[in-house]
Amino acid sequence: MRIGELARLTGTTPRALRYYEEQGLLHPQRRPSGYREYAPDSQHTVRHIQLLLSAGLNTATIAEIVPCIPDETTVLAPTCQELLDLLAEERDRIDAQIAGLTGAKDVLERIMNTSARSGEQGV
DNA sequence: ATTCTTACA
DNA sequence: TGTAAGTA
């Protein structure tokens, strides 16, 4: 199938699919016309990419994960140990972000509580 | 009508 | 990521 159909089937845009390819996430064949030719199962690959993207992983990391997925039917069945290690790192990264955001939120709340008592000098 | 590449108010 | 331009 060509880029337009794959985009329609996966709810993305041709633009995004070309970007994925540029990032080494997809490797469609080329027709003599120069048009990209996608395998029918690339549809599942794109879904996996979108899932990982929504988890906040960057394209470089996703490029390492995608080849670890056996059949395109499975929903990210962690096969290789490599994949599990990468996911563990991402989990830690997210925990770190949560800690950072929680800290930022606390700062704002302290400022708000101070301002609430009008007149006092905040922070 | 679609896709391709390149480039950017 | 959208979009415009100029092709194939």
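# Protein, DNA strands and domains

User: Into how many nonpolar, polar and charged residues does the surface near DNA strand B divide?
Analyst: This is a predicted model, in which local features need pLDDT of at least 70 and side-chain atom pairs count only at pLDDT 80 or more, while totals for chains, interfaces and linings use all residues; side-chain values use heavy atoms, with hydrogens and water left out. Residues are numbered from 1 along each chain as its sequence is written, and chains are lettered from A and ligands numbered from 1 in the order in which they are written. A residue is near a strand if one of its heavy atoms lies within 4 Å of it, and Ala, Val, Leu, Ile, Met, Phe, Trp, Tyr, Cys and Pro count as nonpolar, Asp, Glu, Lys and Arg as charged, and the others, Gly among them, as polar. On that basis, the residues near DNA strand B divide into two nonpolar, two polar and four charged.

User: What share of the atoms of DNA strand B that come within 4 Å of the protein belongs to sugar and phosphate?
Analyst: The residues that surround DNA strand B are R2, I3, G4, R18, R30, G34, Y35 and R36. Among the atoms of the strand that come within 4 Å of the protein, the share from sugar and phosphate is 85%.

User: Which residue has a side-chain N or O atom 2.8 Å from a base oxygen of DNA strand B?
Analyst: A polar contact is a pair of N or O atoms within 3.5 Å. Polar side-chain atoms of R18 and R30 lie 2.8 Å and 3.1 Å, respectively, from a phosphate oxygen of DNA strand B. The base oxygen, by contrast, is 2.8 Å from a side-chain atom of Y35.

User: Which residue has a polar side-chain atom 2.7 Å from a base oxygen of DNA strand C?
Analyst: DNA strand C is surrounded by T13, R15, A16 and Y35, and 21% of its atoms within 4 Å of the protein belong to sugar or phosphate, the rest to bases. A polar side-chain atom of T13 lies 3.5 Å from a phosphate oxygen of this strand. The residue whose polar side-chain atom lies 2.7 Å from a base oxygen is R15.

User: Which three residues supply 57% of the area that domain 1 buries against domain 2?
Analyst: Chain A is divided into domain 1 (1-76) and domain 2 (80-123), with bounds that come from an automatic or database domain assignment. Buried area is the accessible area (1.4 Å probe) that two parts lose on being put together, summed over both, and between these domains it is about 600 Å². The 57% share of what domain 1 buries against domain 2 is supplied by L57, I65 and C68.

Technical notes:
A polar contact is a pair of N or O atoms within 3.5 Å; within protein, one must be able to donate a hydrogen and the other to accept it, and residues adjacent in sequence count only if both atoms are side-chain atoms.
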